[in-house]
Amino acid sequence: MSAYREEALGGGILVCTDHAYKVQTDALLLAKFSAPRRIDTACDLGTGCGVIPLLWFAGESPPAAAFGLEIQPRAVELARRSVERSGLGGRLNIIECDLRDLPGDLPKGGFDLVSCNPPYNAVGAGVMSGADSDRIARHETTCTLDDVCIAARRLLRHGGRLCVSYLPERLCDLLEKMRANGIEPKRLRFVHKNPNSPPSLVLCEGKLGSKPFLQVEAPIFLHEHGHLTEYPIEVRGD
């Protein structure tokens, strides 16, 4: 395996990263926002190097089992190394696949939680990233918001949760796609750099087959009074 770096997430859990696949603030926020229960079977779509499911196992309430789906071979390699180094074999499974073509061995309709940090930019919007890893992560070239919601609908049990981080300016698109796939938006939380700035991110939770009722939670400020708040979770390199 080519060069990589190990970063400690706590509780003996490590994540392997490199220059293309890193720990990003939105992934840290989504991992905490989604907060699985100990009895949950959870799945992270487009998991990259596996930061979100690894953070679940580093937390106080790790899921009973988790899966991470990723299309990019290098990211899969890093995530699988992280699973090995963290002693999570048999509990966290990294699957190389396209979420638009879910493998048959996944328990469809058997997940309590699905999370996704999807590409934020629609096709034709924004400046296209040069590197393949950035282009796939940031632009809807291999996966659209509708693809994410369709995959979540197939994986979730009735009442199961889909948790997504997204851009506030595309919030209407997110809510529309969730509802079109039978996933009712239930919880929103906006993320601001500081109390004087507009939101730069929105965290959204929906439930499959649930009745309409949307709770907007208190905002998250990443910095207050010149200091970093409890968000994002601090990551230290070894």
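**Exercise 1. Determine whether Cys163 is buried or exposed, and whether its sulfur is close enough to another cysteine sulfur for a bond.**

*Solution.* Step 1: the relative accessibility of Cys163 is 0%, and therefore this residue counts as buried. The structure is a predicted model, and all values below are computed from it.

Step 2: the closest cysteine sulfur to that of Cys163 belongs to Cys204, at 8.2 Å. A disulfide requires two cysteine sulfur atoms within 2.5 Å, so the separation of 8.2 Å is too far for a bond.

Step 3: a search of the whole structure finds zero disulfides. Cys16 accordingly takes part in no disulfide, and the nearest cysteine sulfur, that of Cys49, lies 8.5 Å away. Cys16 is also buried, at 0% relative accessibility.

**Exercise 2. Describe how strand E2 is paired, and establish why it is largely enclosed by the rest of the structure.**

*Solution.* Step 1: strand E1 (residues 5-10) pairs with E2 in the antiparallel sense, over five bridges. Within this pairing, Ala8 stands opposite Leu14 of E2.

Step 2: the two strands form a hairpin with two residues between them. Gly11, in the turn, has a positive phi of about 65°.

Step 3: in a regular strand, side chains alternate between the two faces of the sheet. In E2, Ile13, Val15 and Thr17 point one way, while Leu14 and Cys16 point the other way.

Step 4: residues on both sides of E2 are buried. Because five of the five residues of E2 (residues 13-17) are buried, the strand is largely enclosed by the rest of the structure.

**Exercise 3. Identify which residues touch the most other members of the largest nonpolar core, and trace the contacts of Leu45.**

*Solution.* Step 1: the largest nonpolar core has 68 residues, and Leu45, Leu69, Val114 and Leu162 touch the most other members. In soluble globular proteins, nonpolar side chains tend to be buried together.

Step 2: residues up to four places away in sequence are set aside. The contacts of Leu45 then include Leu69, Leu99 and Val114, as well as Cys116, Val148 and Leu155.

Step 3: Val148 is located in helix H5 (residues 145-155). Its relative accessible area is 1%, so Val148 is buried.

Step 4: with the same sequence neighbours excluded, Val148 touches Leu45, Leu99, Cys116, Pro118 and Cys143. For Val148 and Cys116, the C-alpha atoms are separated by 7.5 Å, although the two residues are 32 residues apart along the chain.

Note on methods
Residues numbered from 1 in each chain as written. Predicted model: local features only at pLDDT ≥ 70, side-chain atom pairs only at ≥ 80, totals over all residues. Heavy atoms only, no water. Core = buried A, V, L, I, M, F, W, Y, C linked by side-chain atoms within 4.5 Å. Buried < 20%, exposed > 50% of the residue type's maximum accessible area, 1.4 Å probe, protein only. Contact = heavy atoms within 4.5 Å. Helix = DSSP H or I, 4+ residues; strand = E, 2+ residues; numbered from the N terminus. Pairing = 2+ DSSP bridges.
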